[in-house]
Amino acid sequence: MTFPWLTALIVWPLLAALATALTGVGRGRPAATGTGAGRFGGTAARVVALAGALVEVLLLVGAFTAFDTTRAGEHQLAETHDWIPAIGASYAVGVDGVGLLLVALSVGLVPLVILAAWREQGGDDSRLRRYLAVVLVLEAFMVAVFAARDVFLFYVLFEAMLIPAYFLIGGFGQGAQRRYAAVKFLLYSLAGGLIMLVAVIALYLQVPAAERGPRTFLTENLTGLELGTTEGRLMFAAFFLAFAIKAPLVPVHSWLPDVAENATPGTSTLLVCVLDKVGTFGMLTLCLPLFPEASRWAAPFVIVLAVVSILYGAILAIGQSDLLRLVGYTSVSHFGFIVLGIFTFTSLGTSGSSLMMLNHGISTGALFLVAGFVIARHPARSQRIADYGGLRTVAPVLGGTFLVAALSAAALPGLATFVSEVMVFLGAFGRAPVAALVAVPAVVLAAVYVLLTYQRIFTGTVPAHLGGDAAREATDDGTPPLEDTVSRTREDAPVRDLDARERTVAGVLVGALLVLGLVPGLALRYVDAPGQVAVELVGESDPPPVLGAQPVDARPTEGSLS
Amino acid sequence: MQTLGLAPWLVGLPLAGAAVLLLGGRRTDRWGHWLGVLASTAAFAVGLVLLADVLRLPADERVAVHSLGTWLEVGTLQVDAAFRVDPLSLTFVLLVTFVGTLIHLYSVAYMAHDVDRRRFFAYLNLFVAAMLLLVLADSYLLLFVGWEGVGVASFLLIGFWDHRRENAVAGKKAFVMNRVGDMGLIVAMMLMLWQVGSLSFGDVLGAAGGMSTGVATAIGLMLLLAACGKSAQFPLQAWLGDAMAGPTPVSALIHAATMVTAGVYLLVRSAPVLEAAPTAQLVVAVVGAVTLLFGAVVGCAKDDIKKALAASTMSQIGYMMLAAGLGPIGYAFAIFHLVTHGFFKAGLFLGAGSVMHAMDDSVDMRRFGGLGRALPVTAVTMGLGWLAILGVPPFSGYWSKDKIIEAAFVGEGWRPWVFGTVALVGAGITAFYMSRLFFMTFAGRRRWESEGEGARHPHEAPFLMRLPMIVLAVGSVALGGLLTLGGGFTTWLEPVVGHAEHHDPVLPVWLIITLTLVLVVLGAALAFRLYAVQQVPVEPPASNALVRAARRDLYQDPVNETLAMLPGQVATRTLVYADRTVVDSAFLRLASGVRRAGDGLRRSQNGYVRSYAATTLGGLLVVAAVVWALAY
């Protein structure tokens, strides 16, 4: 009996959430009085939540050491226990390489979100305590949903996750329309989820009871069933709809920008970077293996939707005036890439998509959280891009980290996102060349939306309400910056640069983008085998190069040295 | 080759320099610029060691690949972190690090009064690292990392003084237009992997001969698209003029000597693909010829000294592209001209920087004049660069440009006559606009105030700025001749670009040389008359339509705005509007429909037992009817 790493990873955040919530017990309602006790209560909640999230990271390290990368295509760290024997539902968890990376993404982002939220919630410590507790509860669900190997368990978690997410958006958001956004999110997700439930039950009933013993919901038992063509396609469509809403594909994306605009950047990080990955993760690990025929049948349609999403999201992002809404739309575009890669059924495309699920999480998380730091510097916490200007001069570290995060959204080589995006492009071309070609202009659109945003917020002159001074603007008509003007602006800057806490958050994410961009092998070994498995399960194989096997380099000068 | 293992250090040293300067923050302000100089110098030293090693080897052993291991291995794709050291990449390494180091030195003095000097050197080092990766990479994917890396460095440096909005906009414009070109490289990589199953130079170029003409043409045109973006060739040329917003050393290094020539590198490196695709090759030559004239015409009308030089750069790269499109007879001369141009154009830009330094950052040549006496060193070094770009024998440009003109006259049918004539006429126009620039700046009456409001007090630049100018001027004089000795440079490149058979031009060589020199003398004489003998008006005179068009870069910005930006903005606004009014509202209407249905059904829940009883009766009747219908 080995240590149940996944169960530990699921249970620990719940305990930490409880502990965080309990730090407020016996202290009354500090926010109402604003006493010293209230401040202390808030600090304790922060420290407990952060410590809990960091212990979770240690557990994750343990899970990684127990994981055998040479068998990354198989489910490992598996545990199976009966749950509802009457219907054959079990508590079955286990991860392949992709699942492990997504668990790692969840567990890695939570402490950063907690750190970033340190001074959020308007200084109301009791509110912050509850916020952090809900974040930890959500973490448990996120880990569980990526680890579930039982379709029934997956479905229950898929729906149960909505509860903490709903409260994070509607209860702790910062936008005026947060309740509207929360209800919209909930209704969209529930609609998709309920249709999926029908398909889950229908699929369960397809298992021939006599051959495979008692019916179960285990994924491996449901894989490879002889399904009627129509039944398979209908069930596929139900699963796919639920996942398409989650991962938002155009045209069922419109809940995402509203959520991004109204939730806190930390909530959006968890929602868009992690929780929504359930959609693409579900397509990869449920739609493809459970319904191979229907997947192949639907692929042209799905690929069109994906390409539309890629371009549509990017164009919409260019047209946004709200910073967080803009980031939301960039994700619509990126989810399009992930779906495109999955449905090209090439090992390069599916592995690229799997890697992109991780990389997009890091990149967009960095973008959301650093955007949150930008907004925190505005006296009225404005999210309007037009309310900013010239911040690079007064806050260079903020500017630098934002630029790296932004360029990672545009898949700049050297950053992690490039590797996954180019893999999706290369994989897609082998199967769906037209789709790949049509999607290529997205690289230009991405450059436009990130650089336009950077230009508007970080270059030019600092507006007066952010403390920009007239002396600096005077240098604007031709003369180069004078030393005294610039230095004075820096010293007296009302907009301070990132402090140590914020630097930690931004530094970890930017560092991860760089490391995974320069040494992509660190992550690739987890997605390579699962990608090939997914292609096999869907009944396809990689198209061989047109000119046959790789030619051995015949030129005599080559390799004669070195 | 024992020193091959040093190749990764060429990238690593400047990259480390950039990392220290960026992460070290203001602690490194005091000595940061010297660290930058050191990193660049060290890279140059490594380049020299490699050169010495390669030169000891026989020609057929001069191509070597050093792999650090697998960079990326997944599914059907495998890319090594491999560096290719051969005469072509070494040429670039030495050009980039030598000119780069000189410009680092120059910048120590030029940026001395800028509080952000350390950041400037960090970006410069970042650029050098990315550029060296671009030329040393042994696969298209790794090349692409350097390719976009220099794009980012260029973006950061053009917008270095980003508190001015127009500088930031210029940086963005450059990056976005480069990305348009980068689409070409991405598509080319898709095609290569689809055909060959690999992205390494060895595999792709080795298999180029086996590709169908159609595929080779597609790859060739996509590579050309990439080259057009990076090298500011028609129709993606519009960013280069605006890029002059960057500090002048940046214009010298990135936007004249090195980065903008990367497109030429890409095409020469991919020569086997182009040779399998005659149509693509022809398009390369046409793009080069068009840009050559485009830049030359624009150069004649610019009063901004840096923008005139930028137009000239575009035009000279047009010569290189033309040569690259001519096939094996052109490759070596494309690279040869690239090297000599790197020296004299960098020298000219540094001279322009020195003039700006003396004239309180003014760039308007109509308000220069007579600066020769105040700035003797600048005048002489720029004068030598001027003679070099004119192609006056025995200066550097003569040896390289004249060979391109000769090669353009080789061939059959209409091509030699068209390409040859364009190259010939271009040389005459070049002589005119470069002489115009030189005379407007240094000769004639002074057109600036020496006292009172807005007075200028031109003074020669400090030694650290003069030294690189002098070294580059020496190169402008002698480099071309030295590299030509005994056919040295073409032989040196042969292991990469192959041996070119000798072909006779359609005109005798002596006639071509004579015609070129006559046109050059005519162009220069005309400029002398107009800008040295006659008075230059301080305000630009109203002129004919061509001059007015050339002043506005032949309307490149209005054209781009009409063709790309305007439709883009309309599409964006329409979609933003449609997203709310069509997509979102469809779902909102669905939601409100559900609510209305609920409201309607609620009315039946009225609390009266009699209506419930009626409903029950109605239901029973329906069930009975259904059962009856099914039973019979």
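**Figure 1. Ser362(B) sits in a loop of chain B.** Welcome to this predicted model, which we enter through a single serine. Ser362(B) lies in the loop that runs between α15 (328-358) and α16 (376-390) of chain B. Is Ser362(B) buried or exposed? Ser362(B) counts as buried because its relative accessibility is 11%, and the cut-off for buried is under 20%. Once neighbours within four places in sequence are set aside, the contacts of Ser362(B) are Met356(B), Phe368(B) and Arg456(B). A second residue to look for in this view is Asp242(B), 120 residues away from Ser362(B) in sequence. In space, the C-alpha atoms of Ser362(B) and Asp242(B) are 16 Å apart.

**Figure 2. Two cis peptide bonds of chain B, one ending at Pro235(B) and one at Pro394(B).** Some background helps here: most peptide bonds are trans. The bond from Phe234(B) to Pro235(B) is cis, with omega near 5°. You can find Pro235(B) in the loop between α8 (213-230) and α9 (239-242) of chain B. Further along the chain, Pro393(B) and Pro394(B) are also joined by a cis peptide bond, with omega about 5°. For Pro394(B), look at the loop between α16 and α17 (396-408) of chain B.

**Figure 3. Asp553(B) and Leu554(B) have positive phi angles.** Again a little background: most residues other than glycine have a negative phi. Asp553(B) is not a glycine, yet its phi is positive, at about 55°. Leu554(B), not a glycine either, has a positive phi of about 50°. Where in chain B is Asp553(B)? Asp553(B) is in the loop between α22 (545-551) and α23 (556-604), and Leu554(B) is found in the loop between α22 and α23 as well. Asp553(B) is buried because its relative accessible area is 17%, under the 20% cut-off. Leu554(B) has a relative accessible area of 27%, so it is partly exposed.

**Figure 4. Chain A and chain B meet, with Arg392(A) and Asp162(B) as a pair to look for.** How many residues does each chain bring to the contact? Chain A brings 82 residues and chain B brings 72. Between them the two chains bury about 6600 Å², and carbon and sulfur atoms give 66% of that area. Two salt bridges are counted between chain A and chain B. Arg392(A) and Asp162(B) form a salt bridge, in which the closest N and O atoms are 2.9 Å apart.

**Figure 5. Domain 1 and domain 2 of chain A share a contact.** Chain A is divided into domain 1, covering 1-266, and domain 2, covering 291-543. The contact draws 44 residues from domain 1 of chain A and 47 residues from domain 2 of chain A. The C-alpha centres of these two domains are 24 Å apart. About 3900 Å² is buried between the domains, 76% of it on carbon and sulfur atoms. There are three salt bridges between domain 1 and domain 2 of chain A. For a side-chain view, turn to Glu261(A) and Arg325(A), whose salt bridge has an N to O distance of 2.8 Å.

**Figure 6. A nonpolar patch on the surface of chain A includes Leu522(A).** Which residues make this patch? They are Leu514(A), Val515(A), Leu518(A), Val519(A) and Leu522(A), and the patch covers about 400 Å². Helix α24 (residues 500-518) of chain A gives the most to the patch, with three residues. Leu522(A), by contrast, belongs to helix α25 (residues 521-537) of chain A. Leu522(A) is partly exposed because its relative accessible area is 38%, which lies between the cut-offs of 20% and 50%.

**Figure 7. The two chains as the setting for the close-ups: chain A has 25 helices and chain B has 24.** Each chain also has two strands, in chain A and in chain B. Of the 562 residues in chain A, 63% count as buried, while buried residues make up 59% of the 632 in chain B. The exposed area of chain A is about 18700 Å², with 66% of it supplied by carbon and sulfur atoms. Chain B exposes about 23500 Å², and there carbon and sulfur atoms supply 67%. The C-alpha atoms of chain B fill a box of roughly 110 × 65 × 60 Å along the principal axes.

Technical notes. Residues are numbered from 1 along each chain as its sequence is written. Chains are lettered from A and ligands numbered from 1 in the order in which they are written. This is a predicted model: local features need pLDDT of at least 70, side-chain atom pairs count only at pLDDT 80 or more; totals for chains, interfaces and linings use all residues. Side-chain values use heavy atoms; hydrogens and water are left out. Patches are made of residues with over 30% relative accessible area and no salt bridge: like charges are joined within 9 Å, nonpolar side chains (Val, Leu, Ile, Met, Phe, Trp, Tyr) within 5 Å. Accessible areas come from the Shrake-Rupley method with a 1.4 Å probe; for residues, only the protein chains shown count as cover. A salt bridge is a side-chain nitrogen of Lys or Arg within 4 Å of a carboxyl oxygen of Asp or Glu. Helices (H or I, at least four residues) and strands (E, at least two) are DSSP runs, numbered from the N terminus. Buried means under 20% relative accessible area, exposed over 50%, partly exposed in between (1.4 Å probe, protein chains only). Domain bounds come from an automatic or database domain assignment. Contact means heavy atoms within 4.5 Å. Buried area is the accessible area (1.4 Å probe) that two parts lose on being put together, summed over both.
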